[in-house]
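These are my notebook entries on a structure that I looked up for a reader new to it. The sequence and the model come before the entries.

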Protein chains: 2
Amino acid sequence: MNDLKLENQLCFPLYAASKELIKKYKPVLDKFDLTYTQYLVMLVLWEDNSINVKTLGERLMLDSGTLTPLLKKMESKGYVKREVNDKDERNLVISLTEVGKNLKGKCSSVPKEVGKCLNLNENEAIILYSLLYKVIGNIKDTSM
Amino acid sequence: MNDLKLENQLCFPLYAASKELIKKYKPVLDKFDLTYTQYLVMLVLWEDNSINVKTLGERLMLDSGTLTPLLKKMESKGYVKREVNDKDERNLVISLTEVGKNLKGKCSSVPKEVGKCLNLNENEAIILYSLLYKVIGNIKDTSM
DNA sequence: AAAAATTAAATTGTGTACAATTTAATTATA
DNA sequence: TATAATTAAATTGTACACAATTTAATTTTT
């Protein structure tokens, strides 16, 4: 009956926890001249080395409206290259520069450094992780 | 050892789930000319009727830089009033207009309507809820 | 092959989100 | 009680985030 109470919403703690955690990244990532979203792009590139904007957007659930200006900034910082695909000129291929590659080693402690402020035990982390991916999957499958 | 893989981050599904869920609110809240954040303000006001910006910010974990322009928009829509507190003129008191109060009834189905796309059972929802508030609490307690 | 449809980025416009600073009011202190 | 310190909003500047549209390239259809 009290569906409209803030404390009865699942959306709010999800939204708040996400924001608070992202804030925790700021002082850590500032050292590397990265914002949180830019860091996510780096995570993908450290795995894949090269990816087009569309695929990157699918991985990060972000669209070109967000990624285009962000990738231009990252290019101007010297972390990534932006090159049109010769085979299909609609595709823009993003890849790491040497500086971008070298940043991986320097960032190796970021996950642990930020992760510890979550203060969850292994089991809790796994449960939370599973439920979040379940939610993401369920939302994607909902036609509504 | 693969701490820097996107799929090994807890932050990413948290960030993605939050965004995806907020997107689900859009078509539902559009009918009431509310954005997601504006809806959160309404949830607080439907409980409290009257609150100053600072307290509202504490409830929603938002600062005046976010709330000031947002509340001005909500005032111009006719949903809230903004009045300086006579006792302490540094305080701006936000309260509901009649239109804002009446909106509560119309929004009563919003939580269920959006909630069903999460597709979690009662137990899962409770666990997720608890873990999220635990994370929020832990992050707040971390000095780092 | 030319026209239509599709696709991928970019662009435009609106709305947060937040750090840092400023302004104005109140409280505490010398 | 003047001055200093504190407090609450507002302001400024930067950075997403996304819906909707546009542009340009490619593919499909006729």
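In which helix of chain A is Ser18(A) found? I located Ser18(A) in helix H1 of chain A; helices (H or I, at least four residues) and strands (E, at least two) are DSSP runs, numbered from the N terminus.

I note that this is a predicted model, in which local features need pLDDT of at least 70, side-chain atom pairs count only at pLDDT 80 or more, and totals for chains, interfaces and linings use all residues. Residues are numbered from 1 along each chain as its sequence is written, chains are lettered from A and ligands numbered from 1 in the order in which they are written, and side-chain values use heavy atoms, with hydrogens and water left out.

**Entry: Ser18(A) and the two chains**

I looked up the accessibility of Ser18(A) and found a relative accessible area of 5%, so Ser18(A) is buried (buried means under 20% relative accessible area, exposed over 50%, partly exposed in between, with a 1.4 Å probe and protein chains only). Not counting residues up to four places away in sequence, Ser18(A) touches Leu14(B), Tyr15(B) and Ser18(B), where contact means heavy atoms within 4.5 Å.

I then asked how chain A is superposed on chain B. A rotation of 180° with 0.0 Å of shift along its axis does this, at an RMSD of 0.0 Å; that is the relation of a two-fold axis. The two chains use the same surface, since 100% of the contact residues of chain A recur in chain B. Copies are superposed by least squares on the C-alpha atoms of residues with pLDDT of at least 70 in both.

**Entry: DNA strand C**

Which residues come nearest to DNA strand C? Of the 29 residues around this strand, I list Tyr15(A), Lys54(A), Ser64(A), Thr35(B) and Gln38(B) as the nearest; a residue is near a molecule or strand if one of its heavy atoms lies within 4 Å of it. Sugar and phosphate make up 81% of the atoms of DNA strand C that come within 4 Å of the protein.

I recorded three polar contacts here, a polar contact being a pair of N or O atoms within 3.5 Å; within protein, one must be able to donate a hydrogen and the other to accept it, and residues adjacent in sequence count only if both atoms are side-chain atoms.
- A polar side-chain atom of Tyr15(A) is 2.5 Å from a phosphate oxygen of DNA strand C.
- An N or O atom in the side chain of Ser64(A) is 2.7 Å from a base nitrogen of DNA strand C.
- A backbone N or O atom of Arg90(A) is 3.1 Å from a sugar or linking oxygen of DNA strand C.

The surface near DNA strand C has 6 nonpolar, 10 polar and 13 charged residues. In this count Ala, Val, Leu, Ile, Met, Phe, Trp, Tyr, Cys and Pro are nonpolar, Asp, Glu, Lys and Arg charged, and the others, Gly among them, polar.

**Entry: DNA strand D**

I turned to DNA strand D, where Thr35(A), Tyr15(B), Lys23(B), Lys54(B) and Ser64(B) come nearest of the 29 residues around it. Here sugar and phosphate account for 79% of the strand atoms that come within 4 Å of the protein.

The side chain of Thr35(A) has an N or O atom 2.7 Å from a phosphate oxygen of DNA strand D, and that of Lys73(A) has one 3.3 Å from a phosphate oxygen of the strand. Gly65(A) places a backbone N or O atom 3.5 Å from a base nitrogen of DNA strand D. By class, I found 6 nonpolar, 10 polar and 13 charged residues on the surface near DNA strand D.

**Entry: aromatic rings**

How many aromatic pairs does the structure hold over all chains? I found 10; rings of Phe, Tyr and Trp (its six-membered ring) pair if their centres lie within 6.5 Å, and planes under 30 degrees apart count as stacked, over 60 as edge-to-face and the rest as tilted.

Tyr25(A) and Tyr39(A) form a tilted pair, 5.6 Å centre to centre with 40° between the planes. This pair links distant parts of the chain, 14 residues apart, with Tyr25(A) in helix H1 and Tyr39(A) in helix H2 of chain A. Both Tyr25(A) and Tyr39(A) are buried.

Tyr129(B) and Tyr133(B) are likewise tilted, at 4.8 Å and 55°. They are separated by about one helical turn because they lie 4 residues apart in helix H7 of chain B. Tyr129(B) is partly exposed at 26% relative accessible area, and Tyr133(B) is partly exposed at 28%.
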